[in-house]
Amino acid sequence: MESLPTTVSAKSDRRGRSSKSQNTSKPSLILAFFSCLAWLYVAGRLWQDAQYRAALNTVLKKNYDQRPKVLTVEDKLVVLGCKDLERRIVETEMELAQAKSQGYLKNQKSVSSSGKKMLAVIGVYTGFGSHLKRNKFRGSWMPRDDALKKLEERGVVIRFVIVSSANRGDSLDRKIDEENRATKDFLILENHEEAQEELPKKVKFFYSAAVQNWDAEFYVKVDDNVDLDLEGMIGLLESRRGQDGAYIGCMKSGDVITEEGSQWYEPEWWKFGDDKSYFRHATGSLVILSKNLAQYVNINSGLLKTYAYDDTTIGSWMIGVQTTYIDDNRLCCSSTRQEKVCSMA
């Protein structure tokens, strides 16, 4: 009976320890629960950050692939297609020049009755108020009617060169049209205005129109204050037949006039260098170009620069091409020498 209290005491101790153990495990469970929550939160943030990093890497890679690459000049030309375009432009220009030389033009070209290339197209400058002067030429050195046709059969075309009035179709144009219907000796240049300050552009339009309408060895520009020895001119040109790159005239050079208001003033005088001197060029009264030079003017008319006067303008065009300068004293119309094919009217 004395051992019973011991047993009761032992049971009481176990219950005490169990109660203490239960009291201790509750905070542990709570701590573990919050630890799990914290771990889930951190894991979620890490996963979210990983997703952000993956999306950012995708964007950066896409931008990297699309960024401009370092290219050489040749690579850039290939990418832009400029190299191929440049080649095609050069080929097209060569084909155009060849087509023009072979007569494949919008207007059908005239040839002489013998079938041989015509010798020359002579363009005589004229204006709206020069009717009496034209009649004077027709009654002297310039053939008319049937004689003009026979001259063309020999291979020489002569035309008065005029452009449209500022008001196309007005009385000035109508008078020229009526005169041309009667005489058939005009070359009327469209899309240009007849004016003194426009003469340098007129010469560009003349050579272009002449090349497009007639296939000739030479193209001659003559002022309306010049009388021609027509047979002498034909003989001079016959002796030069077949000569390419010929720039023929009474060659000169001289000082560039820089004072505004003075005769022969050149507004762009500063382009002629410190010496202010013109390059060698044919005097404007009479200028002869061989076919290939006239074709050059025709093909490049949209790019060719004009100056204040037509003679220096033509001379500037000849500087940049393979040209044979032929200084023929017989074409110095104002000289007093006897052997010449022109004189001042």
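In this predicted model, a good place to begin is one small pairing: lysine 252 has histidine 281 of strand E7 as its bridge partner. Lysine 252 falls in strand E6, which spans residues 246-252, and E7 covers residues 281-290. The two strands run antiparallel to each other and are joined by five bridges. Another of the contacts with E7 is made by glycine 249, whose bridge partner there is valine 287. Strand E8 (residues 324-327) also pairs with E6, this time in parallel and over four bridges. Here isoleucine 248 is matched with isoleucine 326 of E8. E6 is mostly covered, with six of its seven residues buried. For E7, 10 of the 10 residues are buried, so the strand is largely enclosed by the rest of the structure.

The view can now be widened to the whole sheet. Seven strands make up an open sheet with mixed pairing, and their order is E3-E2-E1-E4-E7-E6-E8. Strand E3 (186-189) and E8 stand at the edges; each has a single partner strand, so one side of each lacks a neighbour in the sheet. On average, neighbouring strands are turned by 25° against each other, direction ignored. As a general point, strands of a sheet pair through backbone hydrogen bonds, either parallel or antiparallel. E4 (residues 216-222) takes part in both kinds of pairing: E4 runs parallel to E1 (residues 118-125), with six bridges between them, and antiparallel to E7, with five. Methionine 118 has alanine 216 of E4 as its bridge partner, while valine 220 is matched with isoleucine 288 of E7.

Helices accompany these strands. Helix H5 (residues 146-153) lies across E1 and strand E2 (156-163), and runs at about 115° to E2. Helix H8 (residues 230-238) packs on the sheet as well, where it touches E1, E2, E4 and E7. The direction of H8 makes about 135° with that of E1.

Charged side chains add further links, and the count of salt bridges comes to 16. One of them joins aspartate 185 and arginine 138, at 2.7 Å from N to O. Aspartate 185 lies in the loop between helix H6 (171-183) and E3, and arginine 138 in helix H4 (residues 131-138), so this pair ties together parts that are 47 residues apart in sequence. Both of these residues are buried.

A second salt bridge connects arginine 241 with glutamate 217, where the closest N and O atoms are 3.8 Å apart. Because arginine 241 sits in the loop between H8 and E6 and glutamate 217 in strand E4, parts 24 residues apart in sequence are tied together. Arginine 241 is partly exposed, at 24% relative accessible area, whereas glutamate 217 is buried, at 15%.

In a third case, the side chains of arginine 280 and aspartate 327 meet at 3.9 Å, N to O. This pair links distant parts of the chain, 47 residues apart: arginine 280 is in the loop between E6 and E7, and aspartate 327 is in strand E8. Arginine 280 counts as partly exposed at 43% relative accessibility, and aspartate 327 is also partly exposed, at 41%. Elsewhere, salt bridges with shared partners join Arg134, Arg138, Glu179 and Asp185 into one network.

Finally, the surface has a nonpolar patch of about 680 Å², made by Ile30, Phe33, Phe34, Leu37, Trp39 and Leu40. Among these residues, phenylalanine 34 is found in helix H1 (residues 4-66).

Notes
Residues numbered from 1 in each chain as written. Predicted model: local features only at pLDDT ≥ 70, side-chain atom pairs only at ≥ 80, totals over all residues. Heavy atoms only, no water. Patch = residues over 30% accessible without salt bridge, like charges linked within 9 Å, V, L, I, M, F, W, Y side chains within 5 Å. Areas by Shrake-Rupley, 256 points an atom, 1.4 Å probe, with all protein chains shown as cover. Salt bridge = Lys/Arg side-chain N within 4 Å of Asp/Glu carboxyl O. Buried < 20%, exposed > 50% of the residue type's maximum accessible area, 1.4 Å probe, protein only. Pairing = 2+ DSSP bridges. Axes fitted to C-alpha atoms, helices over the stretch in contact; angles between N-to-C directions. Contact = heavy atoms within 4.5 Å.
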